[in-house]
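Let's take a walk through this fold together, from one loop outwards to the whole chain. Please have the sequence and the 3D view open side by side.

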Amino acid sequence: MASASKWVSAACVSARNLALGGSVASLSLLGKPRTLFEYATESLFLYKSLSGKRGIPEKFVFEVLPGDRQYDLAIANFQCEEGWMRRTGSYSTDLISLCQLCHVLNPRKIFEIGTLRGYTALHMAMNSTPDCRIFTLDLPKGSAQPAVRLRTTLMDDLHSQMEVGEYYFCGTPHAHNIQLLFGDSAAFDFSPYRGNIDLFFIDGAHSYDYVRSDTENALHCVRPGGVIAWHDFGRVGLNEVSKYILELSRKLAIYSVPGGSLAFAVL
Ligand SMILES: C[S@@+](CC[C@H](N)C(=O)[O-])C[C@H]1O[C@@H](n2cnc3c(N)ncnc32)[C@H](O)[C@@H]1O
């Protein structure tokens with residue numbers, strides 16, 4: 001169970017986002033509060049992106065890592081709750097950018113923190129060569145609230161309690177490329193992956209403490225010239241991803257994709 005204080009701070013963030021990101025037109029959504037909050041948070045996100053107020057340079061993947069002038073991307077053709085093809089565009093931008101990273105890096109080994117139902121793991125596999133192995137780590141599912149070492153956000157608690165059911169990659173030709181790992185990322189033994197990961201994708205818990213811990217592990221695992229990518233940079237909901245990335249950007253060149261929340265750094 002998430003603590004009462006987390007629900008209180010969630011209510012404060014929602015009220016702030018409504019006040020700052022809502023508009024006269026959006027008042028027509030009062031009868032659909034979920035859509036209204038989605039509108040307000042996405043508007044704020046877009047405002048920050050368009051006004052250049054995100055604190056790190058905005059660059060498309062092809063501006064930092066130029067590959068072939070043209071290549072095909074593979075996008076799964078199904079609609080699902082966790083999918084990144086949404087009515088609001090920023091998630092689609094993230095999905096395309098993640099797939100582009102796979103194309104230009106041509107990774108042999110990818111490590112992901114935050115499997116959920118395997119939507120991004122499937123896309124990384126679909127956009128990498130058949131010999132690429134994807135290791136994807138998540139908390140063990142099934143228990144009411146898995147024990148974790150570090151502080152989490154309310155959204156983290158809700159995500160980690162979600163039923164997984166069948167992974168999206170099950171029954172696809174990519175299933176054998178994807179290895180599921182279970183554990184708390186703050187307690188996991190990353191030593192077998194040290195220095196040999198080409199792409200490390202961080203999308204686990206979104207508290208400052210977890211993003212820092214996951215990034216420190218990623219920095220040990222990624223080979224020189226490899227990439228660390230983070231999801232949810234610049235989002236104005238319940239996440240502290242931006243706070244840590246802005247700090248790290250003083251020591252490491254980190255870019256965010258224009259109009260999206262994927263941030264990435266080449267080591
Ligand atoms: C936003 S979801 C990941 C979404 C996923 N990348 C996708 O394909 O859409 C975050 C996931 O991180 C997992 N998670 C949260 N805290 C974690 C931790 N401490 N260690 C490992 N995984 C964690 C949650 O259980 C949840 O499944």
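Where does G204 lie? Its place is the loop between β4 (197–202) and α7, where helices (H or I, at least four residues) and strands (E, at least two) are DSSP runs, numbered from the N terminus. Before going further, please note that this is a predicted model, in which local features need pLDDT of at least 70 and side-chain atom pairs count only at pLDDT 80 or more, while totals for chains, interfaces and linings use all residues. Residues are numbered from 1 along each chain as its sequence is written.

Back to the loop. G204 counts as buried because it has 27 C-beta neighbours inside 10 Å. The cut-offs work like this: a residue is buried if 20 or more other C-beta atoms lie within 10 Å of its own, exposed if 12 or fewer, and partly exposed in between, with C-beta atoms placed from the backbone. Leaving aside neighbours within four places in sequence, G204 is in contact with I113, G114, S185, Y210 and D214; a contact means that the C-beta atoms of two residues, placed from the backbone, lie within 7 Å. E38, by comparison, is 166 residues from G204 in sequence and 21 Å from it in space, C-alpha to C-alpha.

Two of those contacts, G114 and S185, lead us to the ligand. There are 21 residues around the ligand, and G114, Y119, T120, S185 and A205 come nearest; to be near, a residue must have its C-beta atom, placed from the backbone, within 6 Å of the molecule or strand. Which elements build this shell? At least two residues each come from α5 (119–126), β2 (133–138) and α6 (154–160), and α6 gives the largest share, three residues. Sorted by class, the shell has nine nonpolar, seven polar and five charged residues. Here Ala, Val, Leu, Ile, Met, Phe, Trp, Tyr, Cys and Pro count as nonpolar, Asp, Glu, Lys and Arg as charged, and the others, Gly among them, as polar.

Now zoom out. The chain has eight helices and seven strands. Its radius of gyration is 18 Å, close to the 18 Å that the globule rule gives for 267 residues, so the chain is as compact as a globular protein of that length. That radius is taken over C-alpha atoms, and the rule is 2.2 Å times the number of residues to the power 0.38. Along its principal axes, the C-alpha trace spans about 50 × 45 × 40 Å. Of the 267 residues, 42% count as buried. Among contacts with a separation of 6 or more, 75% are between residues 24 or more positions apart.

What fills the interior? The largest nonpolar core has 51 residues, of which L101, L199, F200, I228, A229, A263 and F264 touch the most other members. Such a core is a set of buried Ala, Val, Leu, Ile, Met, Phe, Trp, Tyr and Cys residues joined through C-beta atoms within 7 Å. Helix α4 (residues 90–105) gives this core its largest share, seven residues. Apart from it lies another core, of five residues, including Y39, A40, L44 and F45.

Staying with α4, look at C99, which lies in this helix. C99 counts as buried because it has 21 C-beta neighbours inside 10 Å. Beyond residues up to four places away, C99 touches L73, H123 and N127. C99 and N127 are 28 residues apart in sequence, yet 5.7 Å apart in space, C-alpha to C-alpha.

Helix α8 (residues 241–248) makes a good last stop. V241, S242, Y244 and I245 are buried there. These residues cover an arc of only 165 degrees around the axis, which puts them on the same side of α8; the arc is that of the directions from the helix axis to the C-beta atoms. The face turned away from this buried side carries the exposed residues K243 and E247. Covering the buried residues of α8 are, among others, α7 (208–221), β5 (222–230) and β7 (263–266). L246, also in α8, is partly exposed, with 16 C-beta neighbours inside 10 Å, and touches G55 and I56, not counting residues up to four places away in sequence.
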